[in-house]
Amino acid sequence: MQTKDIFVEYAHRRVEPEEAFRGSYPEWPWLDRIADSWYTRIIFGLGYVAFYVAFAPSYWWFLLLPVEFFIGPVQGAIVNWCGHKYGYSNFENGDHSKNSTPIDLLLLGELFQNNHHKSPNSPNFAKRWFEFDPTYPVIRLFNALHIIKLRRPV
């Protein structure tokens, strides 16, 4: 809940992020308003239900709908809890962040918290030979296809 409260403060511009997190990215206030609307949340929820109505092989599958609705906050809680509680540290960042390999593979690189806190703008959160950030190859592919543009050569 603390992370959610912090996000709400940023989203409603009651708090400014640190200098390192300002600028250098596009801002679309109209899209933020749409994304943060209850109408949008309800439409997406109805879309999930409609998908299940169309494709679920039995009614038991509807028991997965709460998972669909809450997976974002649950993943955020897992990342923030595990990423500061369990694992090992490559760097002394002064924030108790940790890397949680191999669980990290399930969360697509999100549990390389210690590496991320050391180099927050790096597209590759893996730093040691045995670490693998599964989103990094996707980022490289998107860069090669000119869908995104990485700031530094990779």
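Leaving aside its neighbours within four places in sequence, which residues is Asn-124 in contact with? In this model, which is predicted rather than determined by experiment, Asn-124 is in contact with Asp-133 and Tyr-136 once those sequence neighbours are set aside. Asn-124 itself sits in the loop between H5 and helix H6, the latter covering residues 136-144. Along the chain Asn-124 and Phe-112 are 12 residues apart, and a distance of 9.8 Å separates their C-alpha atoms.

**Helix H4 and the nonpolar patch**

On the surface there is a nonpolar patch with about 1,300 Å² of accessible area together, and among the residues that form it are Phe-44, Tyr-48, Trp-60, Trp-61, Phe-69 and Ile-78. Helix H3, spanning 38-55, and helix H4, spanning 65-85, each supply at least two residues of this patch, and the most is given by H4, which contributes six residues. One patch residue to look at in the structure is Phe-69, which is found in helix H4. Phe-69 counts as partly exposed because its relative accessibility is 38%, and partly exposed residues are those that lie between the limits of 20% for buried and 50% for exposed.

Helix H4 has 21 residues, and from its first C-alpha to its last it reaches 29 Å, which is close to the 30 Å expected at 1.5 Å a residue. There is nevertheless a kink of about 60 degrees in H4 at Ile-71, shortly before the proline Pro-73. While part of H4 contributes to the surface patch, the residues Leu-65, Val-79, Cys-82 and Gly-83 of this helix are buried, and what covers the buried residues of H4 includes H3 and helix H5, the latter made of residues 113-118. In an α-helix there are 3.6 residues a turn, so residues three or four places apart point the same way.

**Residues with a positive phi**

Just after H4, the backbone at Gly-87 takes a positive phi of about 115 degrees. A positive phi is also found at two histidines, which are set out below with their places in the chain.

| Residue | Phi | Place | Relative accessibility |
|---|---|---|---|
| His-96 | about 65 degrees | loop between H4 and H5 | 63% |
| His-146 | about 65 degrees | segment after H6 | 71% |

His-96 has its positive phi although it is not a glycine, and the same description holds for His-146, which is not a glycine either. His-96 is exposed because its relative accessible area is 63%, and His-146 counts as exposed because its relative accessibility is 71%, the cut-off for exposed being over 50%.

Conventions
Residues are numbered from 1 along each chain as its sequence is written. This is a predicted model: local features need pLDDT of at least 70, side-chain atom pairs count only at pLDDT 80 or more; totals for chains, interfaces and linings use all residues. Side-chain values use heavy atoms; hydrogens and water are left out. Patches are made of residues with over 30% relative accessible area and no salt bridge: like charges are joined within 9 Å, nonpolar side chains (Val, Leu, Ile, Met, Phe, Trp, Tyr) within 5 Å. Accessible areas come from the Shrake-Rupley method with a 1.4 Å probe; for residues, only the protein chains shown count as cover. A salt bridge is a side-chain nitrogen of Lys or Arg within 4 Å of a carboxyl oxygen of Asp or Glu. Helices (H or I, at least four residues) and strands (E, at least two) are DSSP runs, numbered from the N terminus. Buried means under 20% relative accessible area, exposed over 50%, partly exposed in between (1.4 Å probe, protein chains only). The expected span of a helix is 1.5 Å times one less than its number of residues. The bend at a residue is the angle between axes fitted to the seven residues ending there and the seven starting there. Contact means heavy atoms within 4.5 Å.
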